[in-house]
There are 2 protein chains.
Amino acid sequence: MAPHPFDSVLDSEIRLASKLVKDAHAASDKVHFVQIDRLDPPKQDMIKYLEAEKHGAPLPTIPRVLYVYYNTNVSEFNKALVNVTNRHIITKQKLPEGVVGPFLPDDVTDWEDHCMSHPLVLQEVQKLQLPKGYQIRTDPWIYATDDPNEKRSLVQFFMYVLANGGHKESNHYSLPLKFSPVFEAHSKKFVRIDYLPGGFDETITPTGPWQVVQGVEYHPELNGEKVMREPKPLLIQQPEGASFTTEGSKVKWLGWEFRVATSVREGFAVYDGWFKGRQIFYRIALSEMTVPYGDPRAPYHRKQAFDLGDCGFGANGNVLKLGCDCLGVIKYMDGITINSAGEPRTLANTVCMHEQDAGILYKHVNYRTEEAVVARKREFVVQTIATVANYEYILNLKFTNDGIVDIEVRATGILSTMPIDENVSVPWGTTVGPNVMAAYHQHILSFRIDPAVDGHKNSVLYEDTEKMPRSKLNPYGIGFVTKKTFVDNAGYVEQSPFTNRTYKIVNENRLNPITKGPVGYKIMMPAKQMLLADEESFNSKRAAFATQQLWVTKYHDNQLFAAGEFTNQSQTDTGLGEWVKEKEPVRNDDVVVWATLGFTHIPRVEDFPVMPVETHNIHLVPANFFDRNPGLDLPQSSQSFNKSVLVETGAAPKACCKTNL
Amino acid sequence: MAPHPFDSVLDSEIRLASKLVKDAHAASDKVHFVQIDRLDPPKQDMIKYLEAEKHGAPLPTIPRVLYVYYNTNVSEFNKALVNVTNRHIITKQKLPEGVVGPFLPDDVTDWEDHCMSHPLVLQEVQKLQLPKGYQIRTDPWIYATDDPNEKRSLVQFFMYVLANGGHKESNHYSLPLKFSPVFEAHSKKFVRIDYLPGGFDETITPTGPWQVVQGVEYHPELNGEKVMREPKPLLIQQPEGASFTTEGSKVKWLGWEFRVATSVREGFAVYDGWFKGRQIFYRIALSEMTVPYGDPRAPYHRKQAFDLGDCGFGANGNVLKLGCDCLGVIKYMDGITINSAGEPRTLANTVCMHEQDAGILYKHVNYRTEEAVVARKREFVVQTIATVANYEYILNLKFTNDGIVDIEVRATGILSTMPIDENVSVPWGTTVGPNVMAAYHQHILSFRIDPAVDGHKNSVLYEDTEKMPRSKLNPYGIGFVTKKTFVDNAGYVEQSPFTNRTYKIVNENRLNPITKGPVGYKIMMPAKQMLLADEESFNSKRAAFATQQLWVTKYHDNQLFAAGEFTNQSQTDTGLGEWVKEKEPVRNDDVVVWATLGFTHIPRVEDFPVMPVETHNIHLVPANFFDRNPGLDLPQSSQSFNKSVLVETGAAPKACCKTNL
């Protein structure tokens, strides 16, 4: 059976695409694959397909098209589009010099080996005079941009000491060194060694003997901690199974229906979302994330990762483990990446899906009768976790039983660190351990929300709450009203927390029977500091999306990534910053909303050596979409259903707790 | 055994206090009790007590003192302080005319009966010519303020139709009427009838026949909904019991220790909080909540509830039911209120405590070895729910296993409604059903945080993140730094989300060994719109706290309530607005932080007839308090501990799920 157009790419499709590309090149071209995934189908075709599917009509054929990024002749970067349904290459082109593609995770390991065995690096290591029991480790780092004339694809290697006799799980991030080799990415040619400052300013010093300090370890075998706070088991038991069903990519859960597909760049995308028989969105996914650092000194000024465009959130997805990453009854989906030969590689269990209780959904007690109505909130979670070198990002798309989509990001993992001399402190970073500093930085994520609020023609507006002036109508000066402003043209909307600015996606063609106004969904997100780098900086030019919290564009096929298709060492943004330039009309049209979730991360010592999650959310909330609380058809919360237990007074639990399951 | 000074008031103490007060009055004074609870002990005495307790030294005696609010001669309002340890009245005074005390929930029912049977009200009801099957209901409403010369204690009665043959659970809020009697609260004298506008402006009309419209019902017996979306059971099972223990008011859970006491005004307060052997706070509680409405028209301009000062969050606390309000292994605490005779009345199960899973706490995968470290976040929840007439507020104080205090408010219940004519819409409200409008309003809550970060001498500062100017040090314009500003004097700090302003409570006498800076906790809360009423309005004068998001005062005994002790019909704030006027020094002193959690509520149709929770949080987060991640001593997340289950492919769950418990 043919895959659904929204299904993830198949192994066989990857094999076919890479074969067709390889066959189109001479062996001497040395094809080296970097990334392969399917494209989204053209939306106009897909709308017809979904309509037909909905009405049980014959389904139109939509060819599956894959994009293929690959290198030839070591350092040329190419892109091909392959129709795997009809088994032919649609286009194939060598990209202009200076366009740098994403890196394949496998390549990173090769670079490490190369750097660590390079004579000039070994010579530098020699100067450290490392005592016995210490080794060296390197983290290759995307080089970013500071020179418009730089056309080479470069990699910066940050160097660290690995303590504890080279224990593989020792936390090298705790012991950063002060030199940093730069190599060409593809040819692996040595370029130079950068030296890192350790003091108050940009002064650097030549490499000398390493001053032994104690690293801060996170691994249970090394961190010197005993498990002192042992919680009692807390089990999520679903004796009748899950409330959701899946069939291929299709998920159904308590009134929600949508499809989930893994994506090597985005982690996953969710398509064709409906709740209680009404259409809500066409597609939601993380679109880009940039992580610029605030340490102004070379070479740190180039620390601006683009974790989707530079390397791929899905390609770096974790293999999730039952009982470790999610509780309850779990459905896993595999992802697919490739190796440099163009062979598919399964990323087992890279997406997990489960439901969870989220407290009370609604409650009211009639004080006259003491009669209570109460229902519980439940969430369906689509989760993926990406490890991007030091950092982990947990991405949860949560659907609630009252029609909310809660986009949640939890940042965890290990801070990116810099060396710092004893007794030095700097205003752009936190000392998090002996001789180790974590620079202030920002995590700025763009979520692409392609809405379909009761259909594809939608408008975006923002609503400000404003004081009324005193008047005959408002004699006591307490009145306030909302003011709506429609977004007529592609562009951004500024934040305005003090007017309670609320963004809404509405369908002006569908009126709510109660309010008589357009049906809609609102976007709730706190006002946040956006990109701090100055306007003329490369950081800003490369990531226009990160300068504003909400963007609106007209829908165009293949406009998926907020900073553009190729971010690696980019000089300028080819995404949102470009797409809004023509100010296309976006009212009552097929629009896309780009919500920027940003947080400035001023590291705490507590974030080291591994960071407790910092959680941020964007909520899409029905706002005059339904004609009443959409949760009224949920059952009342009851003890016969929930089976709670009274705590024992005193420490020892009675056996009844054990058998009360 | 004598109660711990932080323990909730005892039945016997209430009986004694009310007896002593009653005995001090002639029977002809007609003592009518309104509120009785214990006062907090003087802090200086209490610090000595806690020190002695900590070191096992003999405990000093701290007398238990109760405050007693009561009326005499129908309308005089009095306050007494009673030492119940030594069994004597400390002070007793009649409060000045114009000071209105809180209302006893019992009185509300009396008022209802009185209003509903008053001839002038019945006469008005007559004019409605209600068809068979409809009845009348009234909600007494705190009158608030609009006249400096008004010294009487008044109550405004909003009138509603009760449909469905007078079914007791019918949602009268759906069918508001256009007249509103006003009575004197104590004497129950009729004052007048206000008429409510139904159109675009303040025009009112005399009462005429009621136009029959369909109400919007929430009760399962009436709402016409079938349970269409039946979730499968999701049980929180703790086969070895809870991870917490309680002994009286003392709670211990995974490194946390504190005491919980119910409070008739605040719901509950948490005292003497320690985590991992270090002191964090002296006391945390909700301090006040004001709910001003934005409909400018009389009499709605007087809709400004003070839910703590006017009636009491604890006095209106719900009786929580096992398996309905919280899942898992539950510990309940009872609250105590009184009746007008001064007899204690138990509010059974008004506080529940339990723990819950909160997803991943930290994770890191070493991409070289694919070795993952992952621990789970767990929360200990202290929950109470108050029903304040139409609205419900769920107050959760959540303690996490990484040292965070998460103050969470969930607003639910029923919108306060106004009549609106057909085909009218107004810019200060949402039409939520036929002829019923819910005015825009704000919920502004003050949380009083009395910190003790490694001791009682603390300082408050705020930290802004700012761009660095370009310079030799910052040649690429990407640098950014933080700037600290200490709060030297009592007052407020403005919000500044675009500089990522973060508030910190630090102890300048205790340096973090890693950062060499003061240890601290940060307060994380999104910037929010504060009180919208204009500066000259009574709304602002009565609730200075609601105009700013963060306040700092020097600690003084009995300064607990942000809008002052008596808020009912107050003309002016006697709380924070007053206390900061002297600008007392607050640096490195015993300080109190008041965090304002506010949200402007623009009702959605979905918020009716009962509102899905809207959730808001303030987080207190260790920030350079510990010398590393304080969660490293937690066990790794494992399947052997968590016992998750793979979902069945296909709809029917296999038996294994059932027996896998």
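How many salt bridges are there between chain B and chain A? I began my notes with this, and the count I found for that pair of chains is 14 salt bridges. I keep in mind throughout that I am reading a predicted model.

**Confidence.** Before going further I looked up the pLDDT of chain A, which has a mean of 96, with 98% of the residues reaching 70 or more. I marked residues 650-661 of chain A as a stretch to treat with care, since the pLDDT there is below 50, although the model gives this stretch 14 contacts beyond near neighbours in sequence.

**The interface.** I then turned to the contact between the two chains, to which chain A brings 193 residues and chain B brings 192. The size of an interface is often expressed as the accessible area that is lost when the parts come together. For chain B and chain A I noted a buried area of about 16,300 Å², and carbon and sulfur atoms supply 58% of it.

For a single example of a salt bridge here, I looked at B:Asp633 and A:Arg229, whose side chains meet with N to O at 2.8 Å. I also recorded 106 residue pairs in polar contact across the interface of chain B and chain A, with both residues of each pair at pLDDT 80 or more. On the side of chain B that touches chain A, the element that gives the most is strand β17 (residues 344-366), with 12 residues. When I sorted the residues of that side by kind, I wrote down 87 nonpolar, 56 polar and 49 charged.

**A strand pair between chains.** Which strand of chain B is joined to strand β16 of chain A? I found that β16 (residues 329-338) of chain A runs parallel to β33 (residues 645-646) of chain B, and that two bridges join them. Within this pairing, A:Val329 stands opposite B:Val645.

**Backbone points.** Most peptide bonds are trans, and most residues other than glycine have a negative phi, and I therefore listed the exceptions that I came across. The bond between A:Ala298 and A:Pro299 is cis, with omega about -5 degrees, and A:Pro299 belongs to the loop between β14 (278-292) and β15 (304-306) of chain A. In chain B, the peptide bond from B:Phe608 to B:Pro609 is also cis, with omega near 0 degrees, and B:Pro609 sits in the loop between β31 (591-601) and β32 (611-622). A:Val74, which is not a glycine, has a positive phi of about 70 degrees, and I located A:Val74 in the loop between β2 (65-72) and β3 (76-83) of chain A.

**Salt bridges overall.** Finally I searched the whole structure and noted 90 salt bridges over all chains. One that I looked up within chain A joins A:Asp23 to A:Lys19, with the closest N and O atoms 2.7 Å apart. Both residues lie in helix α1 (residues 11-23) of chain A, and they are four residues apart, about one turn of the helix.

Conventions
Residues numbered from 1 in each chain as written. Chains lettered and ligands numbered in written order. Heavy atoms only, no water. pLDDT = per-residue confidence, 0-100. Contact = heavy atoms within 4.5 Å. Buried area = accessible area lost by both parts, 1.4 Å probe. Salt bridge = Lys/Arg side-chain N within 4 Å of Asp/Glu carboxyl O. Polar contact = N/O pair within 3.5 Å; in protein donor to acceptor, adjacent residues only side chain to side chain. Nonpolar A, V, L, I, M, F, W, Y, C, P; charged D, E, K, R; others polar. Pairing = 2+ DSSP bridges.
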